[in-house]
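Student: I have a predicted model open in front of me, and I would like a close look at one part of it. Could you take me through that part and then show how the rest is arranged around it?

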Amino acid sequence: MHTESRCLACGPVPPLHVPEHIGPEIVSSVVERIMAGPTGETPAVPLWSPWPLPPGWTVTGVGWAGDDRTGVRATVVACAGPAPLGGGPADVVFVAEEPGVGLGTRLAGMPGPDPGTRLTEALADPGPGHPEHVATAKIRVGGHPTPLWPVDSSPDRSAYAGEARGMWLHAIAWPASAGHLLAEDVVLHDLTEWTPPELVYGAPSPYLHGKA
């Protein structure tokens, strides 16, 4: 018998909570849950969402990992829109998490709780013709330029990892070519600080409901 949620492969893990629907009232309830957890010494986990949204994109889901004992330890926001290179729709999820949670690696299709080893490899091996590593994706997070490096993922998607506010930041895109969205002028805003009333919502993301 165990008091915590467990993964057969990874052991104890915080349970993931994903509302069935998405809309402003759902986002508001998730923000309230996030802000109810910190004690004052522990910073709240950000709820990163693109803002402004890229043209034609919508928010398609939110979720959080944790329980009443530990509070919120990871958050996820899903978005969908036209693929940056054409050819149909694309989906991107943004994960913020404390070390050891494993939500970002799970959505990327990687084993283990953190991308640390794979990120080290990405930093150490920039590829031919590069005297030093140059991040493939540079976005603005909370007003600050933030590099994201490509890490291993399942072949049907692309995954990037970095750090923001002392926590892991993951971006996972379907199909793999949708990762080119991160080469554009993407700005992530923390919805726990302010939720824009102009956010547009779409159909619930299948990747937060078991497809990933």
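Is Arg-165 buried, partly exposed or exposed, and why does it count that way?

Tutor: Happy to, and please keep in mind throughout that this is a predicted model. Arg-165 counts as partly exposed, because its relative accessibility is 43%, and the partly exposed class lies between the 20% limit for buried and the 50% limit for exposed. Arg-165 is found in the loop between E10 and E11. Its phi is near 55°, which is a positive value in a residue other than glycine. The hairpin that E10 and E11 form has two residues between the strands.

Let us follow the hairpin into its strands. E10 and E11 pair in the antiparallel sense, with seven bridges. One pair you can pick out is Tyr-160 with its bridge partner Ala-171 in E11. E7 is also antiparallel to E11, again over seven bridges, and here Val-93 has Ile-172 in E11 as its bridge partner. E11 itself is mostly covered, with eight of its eight residues buried. Beyond E11, a cis peptide bond joins Trp-174 to Pro-175, with omega about -10°. That proline sits in the loop between E11 and E12.

Now step back to the sheet. Ten strands make an open sheet with mixed pairing, in the order E3-E5-E6-E7-E11-E10-E9-E8-E12-E4. E3 and E4 (48-50) stand at the edges and have a single partner strand each, so one side of each lacks a neighbour in the sheet. For E4, three bridges make the link to E12 (residues 187-190), and the two strands run antiparallel. Within that pairing, Leu-188 of E12 is the bridge partner of Pro-50. A second cis peptide bond to look at lies between Trp-51 and Pro-52, with omega about 0°; Pro-52 belongs to the loop between E4 and E5.

Leu-188 leads us on to the interior. Setting aside residues up to four places away in sequence, Leu-188 touches Trp-48, Ser-49, Pro-50, Phe-94, Ile-139, Arg-140, Val-141, Gly-142 and Leu-169. The largest nonpolar core has 39 residues, and Ile-139, Leu-169 and Leu-188 are the ones that touch the most other members. At least two residues of this core come from each of H1, E5, E6, E7 (89-97), E8 (137-141), E10 (158-164) and E11 (167-174). H1 gives the most, with five residues. There is also a second, separate core of 18 residues, which includes Ala-78, Ala-159, Trp-174 and Tyr-207.

Helix H1 deserves its own look. H1 covers residues 24-36, 13 in number, and reaches 18 Å from its first C-alpha to its last, close to the 18 Å expected at 1.5 Å a residue. Its buried residues are Ile-26, Val-27, Val-30, Val-31 and Ile-34. Viewed down the axis of H1, these fall within an arc of 135°, so they line one face of the helix. A general point helps here: an α-helix has 3.6 residues a turn, so residues three or four places apart point the same way. On the face of H1 turned away from the buried side you will find the exposed residues Pro-24, Glu-25, Glu-32 and Ala-36. The buried residues of H1 pack against E5 (58-67) and E6 (71-82), and the direction of H1 makes about 30° with that of E5.

Just ahead of the helix, Pro-19 lies in the loop between E3 (16-17) and H1. Pro-19 counts as partly exposed because its relative accessibility is 23%. Apart from neighbours within four places in sequence, Pro-19 is in contact with Ile-26, Val-30, Val-62, Gly-63 and His-209. Val-62 is 43 residues from Pro-19 along the chain, yet their C-alpha atoms are separated by 7.1 Å.

Finally, compare Arg-165 with a residue in the segment after E12, namely Ser-205. Ser-205 has a relative accessible area of 1%, so it is buried. Leaving out residues up to four places away in sequence, Ser-205 touches Thr-60, Ala-78 and Asp-91. Arg-165, where we began, is partly exposed at 43%.

Notes. Residues are numbered from 1 along each chain as its sequence is written. This is a predicted model: local features need pLDDT of at least 70, side-chain atom pairs count only at pLDDT 80 or more; totals for chains, interfaces and linings use all residues. Side-chain values use heavy atoms; hydrogens and water are left out. Helices (H or I, at least four residues) and strands (E, at least two) are DSSP runs, numbered from the N terminus. The expected span of a helix is 1.5 Å times one less than its number of residues. Buried means under 20% relative accessible area, exposed over 50%, partly exposed in between (1.4 Å probe, protein chains only). The arc is that of the directions from the helix axis to the C-beta atoms. Contact means heavy atoms within 4.5 Å. A nonpolar core is a set of buried Ala, Val, Leu, Ile, Met, Phe, Trp, Tyr and Cys residues joined through side-chain atoms within 4.5 Å. Two strands pair if DSSP finds at least two bridges between them. Axes are lines fitted to C-alpha atoms, for helices over the stretch in contact, and angles run from 0 to 180 degrees between N-to-C directions.
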